Amino acid sequence: VKKILIALLIVVGFNILLTAQVQKVAVLQFNKNDKKSEYVSKMLMSKDFKGIFKEYEEFDMIPQKEIDKIVKDSGYTDLSVLGKERIAELGKQTGADILLWGSVSAVSESDFKVQSYVMSMRSIDIVPVNFEVKKASKSRRASIEKNLITKMQEFSSGEVQKIFDIGLQYLTNKSYPDAETSFLRVLEMEPENSEAFYYLGFIN
């Protein structure tokens, strides 16, 4: 029995490591709230996110042309007025793991406020991220990385713990198939999580 269990864990672990993927990100829309914000809004959508996400191995940005078409075909012009359910429906069409959208408002000639939202398509949770950027490209991108990307990383990490805790609850209630599903999801997001491997072994 021990040998079978060890072999099973090796196979499960190997398959998870092979199939584990970086999280796909879809940037849905960043509208301008005033005329002064047009340039920053345009740069966010056309250059900033594309350049920034290339630097992060854990994130893979879906080509913007594909996302723009999906948003355009949806008929929605202002995503800020949509509820969580409709955003999630739109997100399913993108095939993304994480959705980003928001708006830009001018604070002064060179300072702008970015009101953004991050949604996980795994948990359908949304977290708002508000921060300020400069008009200058280098400073603007640095602010995006410091505020938005850092928050996305924290959000993703928190999700792992959330799903792990759900798995423990199922385990306590002896709902083993549901617990197994939860721990497998943890390993999809964090393949090196030894505790998830332990509980999968216990369940099997």
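Strands here are DSSP runs of E at least two residues long, and helices are runs of H or I of at least four, both numbered from the N terminus. With that in hand, Ile124 can be placed in the loop between strand 4 and strand 5 (126-134). This is a predicted model, so read what follows as a tour of computed geometry.

**The overall layout**

The protein has seven helices and five strands. Going from the N terminus, the order is α-β-α-β-α-α-β-β-β-α-α-α. There are 204 residues, and 40% of them count as buried. If you look at contacts with a separation of 6 or more, 60% come from residues 24 or more positions apart.

**Helices with a buried face**

Start with helix 3 (64-74). Its buried residues are Gln64, Ile67, Ile70 and Val71. Viewed down the helix axis, the buried residues of helix 3 fall within an arc of 125°, so they line one face. The face turned away from that buried side carries the exposed residues Lys65, Lys69, Lys72 and Asp73. Over the buried residues of helix 3 lies a cover that includes strand 1, helix 2, strand 2 (59-61) and helix 4.

Helix 4 (residues 84-94) can be read in a similar fashion. Here Ile87, Ala88, Leu90, Gly91 and Thr94 are buried. Their arc, seen down the axis of helix 4, is 165°, so these residues too line one face of the helix. Some background helps with this kind of pattern: an α-helix has 3.6 residues a turn, so residues three or four places apart point the same way. On the face of helix 4 turned away from the buried side you'll find the exposed residues Glu85, Lys92 and Gln93. As for partners, the buried residues of helix 4 pack against strand 1 (23-32), helix 3, strand 3 (98-106) and strand 4 (111-120).

**Where helix 2 meets helix 5**

Helix 2 (residues 38-53) and helix 5 have axes that come within 11 Å and cross at roughly 65°. The crossing is right-handed. By class, the contact between helix 2 and helix 5 has eleven nonpolar, one polar and five charged residues. On the helix 2 side, the participants include Tyr39, Val40, Met43, Leu44 and Asp48, and on the helix 5 side they include Arg140, Arg141, Ile144 and Leu148.

Two charged residues in this contact deserve a closer look. Arg140 sits in helix 5 (residues 137-172). Its relative accessibility is 1%, and because buried means under 20%, Arg140 counts as buried. The side chain of Arg140 reaches the backbone oxygen of Lys135 at 2.6 Å. Not counting residues up to four places away in sequence, Arg140 touches Tyr39, Val40, Met43, Asp48, Val133, Lys134 and Lys135.

The other one is Asp48, found in helix 2. Asp48 is buried as well, at 0% relative accessibility. The C-alpha atoms of Asp48 and Arg140 are separated by 8.4 Å, with their positions 92 residues apart along the chain. Leaving out residues up to four places away, Asp48 touches Met43, Arg140, Arg141 and Ile144.

**A look at Asn31**

Over in strand 1 there is Asn31. Asn31 counts as partly exposed, at 23% relative accessibility. Neighbours within four places aside, Asn31 is in contact with Ser41, Thr77, Asp78, Gly102, Ser103 and Val104. Its C-alpha atom is separated by 9.3 Å from that of Met45, which is 14 residues apart from Asn31 along the chain.

**Positive phi angles**

Most residues other than glycine have a negative phi. Here are some residues with a positive one.

| Residue | Phi | Place |
|---|---|---|
| Gly75 | about 85° | just after helix 3 |
| Gly95 | about 75° | just after helix 4 |
| Ile124 | about 60° | loop between strand 4 and strand 5 |
| Lys174 | about 60° | loop between helix 5 and helix 6 (176-189) |

Ile124 takes its positive phi although it is not a glycine, and the same goes for Lys174, also not a glycine. How exposed is Ile124? Ile124 is partly exposed, with a relative accessible area of 25%. Lys174, for its part, is exposed, with a relative accessible area of 62%.

Key
Residues are numbered from 1 along each chain as its sequence is written. This is a predicted model: local features need pLDDT of at least 70, side-chain atom pairs count only at pLDDT 80 or more; totals for chains, interfaces and linings use all residues. Side-chain values use heavy atoms; hydrogens and water are left out. Buried means under 20% relative accessible area, exposed over 50%, partly exposed in between (1.4 Å probe, protein chains only). A polar contact is a pair of N or O atoms within 3.5 Å; within protein, one must be able to donate a hydrogen and the other to accept it, and residues adjacent in sequence count only if both atoms are side-chain atoms. Contact means heavy atoms within 4.5 Å. The arc is that of the directions from the helix axis to the C-beta atoms. Axes are lines fitted to C-alpha atoms, for helices over the stretch in contact, and angles run from 0 to 180 degrees between N-to-C directions. A crossing is left-handed if the near helix is turned anticlockwise from the far one by less than a right angle, and right-handed if clockwise. Ala, Val, Leu, Ile, Met, Phe, Trp, Tyr, Cys and Pro count as nonpolar, Asp, Glu, Lys and Arg as charged, and the others, Gly among them, as polar.
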